[in-house]
Amino acid sequence: MSATDQLRNAIVDGIAKEAVKQTELGLEQGIAADVLLADGLMAAMREVGQLFEDKEIYVPEMLVSAHAMKSSLEILRPHLVEADVQASGRVAIGTVEGDLHDIGKNLVAMMLQGSGFEVEDLGVDVYPERFVQAARDGADVIALSALLTTTMPNMLKVVQALRDAGIRDRVRVVVGGAPITQSHCDEIGADGYAKTASSAVRMVQRVLGLATFADGRAAAAS
Ligand code: B1M
């Protein structure tokens, strides 16, 4: 069985130590970090979600799998993020009010950092007022993540709070997360939607009107 398959199994089984070992092994074998991420970590979390839906596992098992995934992600982080890249904009990111899922949000934050953005991570269960504060403090982009259909409407609350504060036109609002779609983005009046962490980088560059270098870093569009 390949290191990627063993990594996936370790995360599904929630064995953090094994997940770390297989991540290191995979990297040693020359498997690219983004391949380990897609075929190991993300595939495992899809499987975990399915098992939860089928009532074969419950919240505690989901939590240990999430912990195993995070342990693996810590090993992958330096391979996914390029150091010393000049900031091409400031992004404040958070998971919206009522929502505690942070793995996808952390990935998006990491990818943005790696592409040269200065990222302020506001955490999970972030209230609209906190996003407004971040915009007042100079964020160019407010990035919202939601994983629950019940917390999707809280994205609209953030857009409304920015409008009420009179600063909606000063920032770009971008959204993402498993239940989010382009039509939800349009309905709430956000500026951009991305399905994945890597496409989130291109989307943020686009809403800021930045051109990209071949390596994915952003430059001001002429
Ligand atoms: Co939760 N959970 N969970 N959970 N959980 C889901 C989301 C669920 C789909 C599982 C299921 O039923 N199949 C379901 C939601 C159903 C729905 O709303 N329709 C669910 C539920 C119901 C719940 C609880 C309500 C369960 C309960 O208590 N009864 C509860 C809610 C707690 C709360 O938030 N208030 C809950 C709790 C938890 C844990 C705490 C146990 C844990 C989270 C741990 C953590 O994040 N620290 C957890 C987990 C792990 C999951 C699943 C299994 C995995 C989520 C994940 O990390 N995926 C998930 C099932 C699933 O998604 N298959 C599930 C991996 C991650 C990399 O993907 O977050 O989608 P994702 O991010 C992607 C993209 O969406 C995108 O980029 C990422 C990488 O490509 N993206 C963006 C994300 N944000 C973006 C922002 C962008 C752009 C792209 O721009 C700004």
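Helices here are DSSP runs of H or I with at least four residues, numbered from the N terminus. I worked throughout with a predicted model.

**Entry 1: serine 2.** I first located serine 2, which lies in the segment before helix H1 (3–13). I then checked its accessibility. The relative value is 35%, so I recorded serine 2 as partly exposed, the class between under 20% for buried and over 50% for exposed. I also looked up its separation from leucine 25, which is 23 residues away along the chain. The C-alpha atoms of these two residues are 9.9 Å apart.

**Entry 2: the ligand shell.** I next turned to the ligand and found 37 residues surrounding it. Glu53, Leu100, His101, Asp102 and Ser145 are the closest. By class, I noted 23 nonpolar residues in the shell, with nine polar and five charged.

**Entry 3: polar backbone atoms and the ligand.** I looked up three distances. A ligand nitrogen atom is 3.1 Å from a polar backbone atom of glycine 49. For threonine 149, I recorded 2.9 Å between a polar backbone atom and an oxygen atom of the ligand. A polar backbone atom of alanine 178 is 3.2 Å from a ligand oxygen atom.

**Entry 4: elements and domains.** I then listed the elements that contribute two or more residues to the shell. The helices are H3 (33–53), H4 (59–80), H5 (103–114) and H9 (197–207). The strands are S3 (141–145) and S4 (172–176). Finally, I asked which domains supply the shell: domain 1 (3–82) and domain 2 (90–207) each give at least three residues.

Terms used:
Residues are numbered from 1 along each chain as its sequence is written. This is a predicted model: local features need pLDDT of at least 70, side-chain atom pairs count only at pLDDT 80 or more; totals for chains, interfaces and linings use all residues. Side-chain values use heavy atoms; hydrogens and water are left out. A residue is near a molecule or strand if one of its heavy atoms lies within 4 Å of it. A polar contact is a pair of N or O atoms within 3.5 Å; within protein, one must be able to donate a hydrogen and the other to accept it, and residues adjacent in sequence count only if both atoms are side-chain atoms. Ala, Val, Leu, Ile, Met, Phe, Trp, Tyr, Cys and Pro count as nonpolar, Asp, Glu, Lys and Arg as charged, and the others, Gly among them, as polar. Domain bounds come from an automatic or database domain assignment. Buried means under 20% relative accessible area, exposed over 50%, partly exposed in between (1.4 Å probe, protein chains only).
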